[in-house]
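Visitor: I have a model open and want to learn how to read it. Can we go feature by feature?

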Amino acid sequence: MIATIVSPRLLLVGGTAVTQVGEVLAKLGLSRPFVVTDPFLASSGTVERVLGPLRARGIDPPVFSDTVPDPTDTVVEAGVKRLAGSDADCLIGFGGGSPMDTAKAMAILAAGGGKMRDWKVPAAADMAALPIIAIPTTAGTGSEATRFTVVTDTERNEKMLIAGLAALPAAAIVDHTLTHSVPPRTTADTGIDSLTHALEAYVSKRANPYSDAMALRAMALIARNLRTAYADPRNEAAREAMMLGATLAGLAFSNSSVALVHGISRPIGAHFHVAHGLSNAMLLPTVTRFSLNAALPRYAEAARAMGVARAEDDDAAAGARLIVELDALNRDLAVPSPRSYGLDERRWNDLLPLMADQALASGSPANNPRVPTKEEIIALYREAWG
Ligand code: NAD
């Protein structure tokens, strides 16, 4: 098998790295950024963490802060209009996955034209486009290091996966001090999202030696630090480990793939507006139970990397420990089921066939070690209901 490995040209990793955003631009030969962020990060002043160092170098960029959680095609189009009125030579995506993905989608639409849905997988958004500097403020999506963006088609209520080199940031600035203000619920949701990225990348049919290395290290960091970051938001060491783990998990799945959890999670986000990480968390134990025996040695190795199984445990014992840990993690991080979260049960049941079709069409379930039928996906949704 030939593995094609991609990663940002430049990765700055460490506390206060964001102060060097001007140097990063200069290294890449860029000088006219256009900043994309969200309304909270703009109004709370957090965005000053990137604007301050830029102004100190005489750069006062336009700021588009109308992004929404789970970016939509309409917001991306509005962003592209604003971008067209600027003379920007790059985009800075500052925030969680939503602003970073909006910046990526803007770059693709500005360069490729058409509608957002024209670029959804299996199309390849590989065109030359404005370079992106991604600066995450959550430890979760890994979008700063991936060749993906996820955008909701508002006409069809579909969360579309869009992939290509135009979505791969030229540089990522990974500064865990930006995450100290993330509240516990978002810390939990985004943290389980990154654990899911690493685990899915590791058991994916598209795993390779590069993605394996990234995934195993990511799982080790995340599994040992997520509970601490959740309970003690100011714990510097836990925040640092989580941030690095999330970026490594991004590198892992960007060069392997996500799989069944993400495939069936996106329709929940699209139809019920459950936060991305939370819908993954609701599904992770159920889907892992379903998939376990199809890749038992890999799940067992994941459990050992996470520190929940011992080196001497055989694969069956280690796999069983992984399932116990995923259930315990959800309990400790107060992850609700779709039912206890308050989703409308009748709407849930009515939508299951459509959600299963959308999941299968995304391609992600095909990467799972056990590839489900439509009926099996519906059964998984029912089992996860709670
Ligand atoms: P998000 O970006 O929607 O942010 C969640 C909330 O956290 C928002 O209210 C935001 O204002 C707040 N927040 C962000 N940083 C904060 C900080 N430092 N302090 C306090 N509050 C802060 O959530 P997310 O989970 O980071 O991103 C989710 C999106 O990313 C989804 O659309 C998902 O589909 C996408 N995603 C993309 C990829 C990819 O590779 N491109 C991978 C996984 C997920």
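Visitor: Let us take the open sheet. What is its strand order, and which sense of pairing does it have?

Guide: The general idea comes before the case. Strands of a sheet pair through backbone hydrogen bonds, either parallel or antiparallel. In this predicted model, six strands make an open sheet with parallel pairing, in the order 1-8-5-4-2-3.

Visitor: Which are the edge strands?

Guide: Look for strands that pair on one side only. Here they are strand 1 (10–13) and strand 3 (63–64).

Visitor: How many bridges join strand 2 and strand 3?

Guide: Two, in the parallel sense; strand 2 covers residues 33–36. For a residue to click on, take Val36, which stands opposite Phe64 in strand 3.

Visitor: Now strand 6 and strand 7. In which sense do they pair, parallel or antiparallel?

Guide: Antiparallel, over six bridges. Strand 6 spans residues 148–153, and strand 7 spans residues 158–163. Asp153 has Glu158 in strand 7 as its bridge partner.

Visitor: How many residues lie between the strands of that hairpin?

Guide: Four residues. Check the backbone torsions there: Asn157 takes a positive phi near 50°. Burial is another thing to read. Five of the six residues of strand 6 are buried, leaving this strand mostly covered.

Visitor: On to helices. What span is expected for helix 10, and what does it reach?

Guide: Compare the end-to-end distance with a rise of 1.5 Å a residue. Helix 10 runs over residues 276–291, 16 residues in total. From first C-alpha to last it reaches 21 Å, close to the expected 22 Å.

Visitor: Where does helix 10 bend?

Guide: At Leu284, by about 40°. Pro285, a proline, follows within four residues. Helix 10 is also mostly covered, with 15 of its 16 residues buried.

Visitor: Why does Gly191 count as buried?

Guide: Count the C-beta atoms around the residue. A residue is buried if 20 or more others lie within 10 Å. Gly191 has 29 within that distance, so it is buried. Gly191 sits in helix 6, residues 184–203.

Visitor: Which residues is Gly191 in contact with, its neighbours within four places in sequence aside?

Guide: Ala139, Gly140, Ile222, Leu226, Ala229 and Met242. Take Gly140 as a case. Gly140 and Gly191 are 51 residues apart in sequence, yet their C-alpha atoms are 5.2 Å apart.

Visitor: What share of contacts in the whole protein join residues at least 24 apart?

Guide: Start from contacts between residues at least 6 apart in sequence. Of these, 76% join residues at least 24 apart.

Visitor: How many helices and strands does the protein have? And why call it as compact as a globular protein of its length?

Guide: There are 15 helices and eight strands. For compactness, use the radius of gyration. Its value is 20 Å, close to the 21 Å that the globule rule gives for 386 residues, so the protein is as compact as a globular protein of that length. The C-alpha trace spans about 60 × 45 × 45 Å along its principal axes. Of the 386 residues, 57% count as buried.

Visitor: Which domains does UniProt list?

Guide: Read the record, then check composition. An unreviewed UniProt entry lists "Alcohol dehydrogenase iron-type/glycerol dehydrogenase GldA" for residues 10–175. That span is 29% helix and 22% strand, with end C-alpha atoms 14 Å apart. The annotation "Fe-containing alcohol dehydrogenase-like C-terminal", also from an unreviewed UniProt entry, covers residues 187–385. Residues 187–385 are 76% helix and 0% strand, and their end C-alpha atoms lie 23 Å apart.

Notes:
Residues numbered from 1 in each chain as written. Predicted model: local features only at pLDDT ≥ 70, side-chain atom pairs only at ≥ 80, totals over all residues. Expected span 1.5 Å × (residues − 1). Bend = angle between axes of the 7 residues up to and from the residue. Buried ≥ 20, exposed ≤ 12 C-beta atoms within 10 Å, placed from the backbone. Rg over C-alpha atoms; globule rule 2.2 N^0.38 Å. Contact = placed C-beta atoms within 7 Å. UniProt positions renumbered as here; feature names shortened; annotations may be inferred. Pairing = 2+ DSSP bridges.
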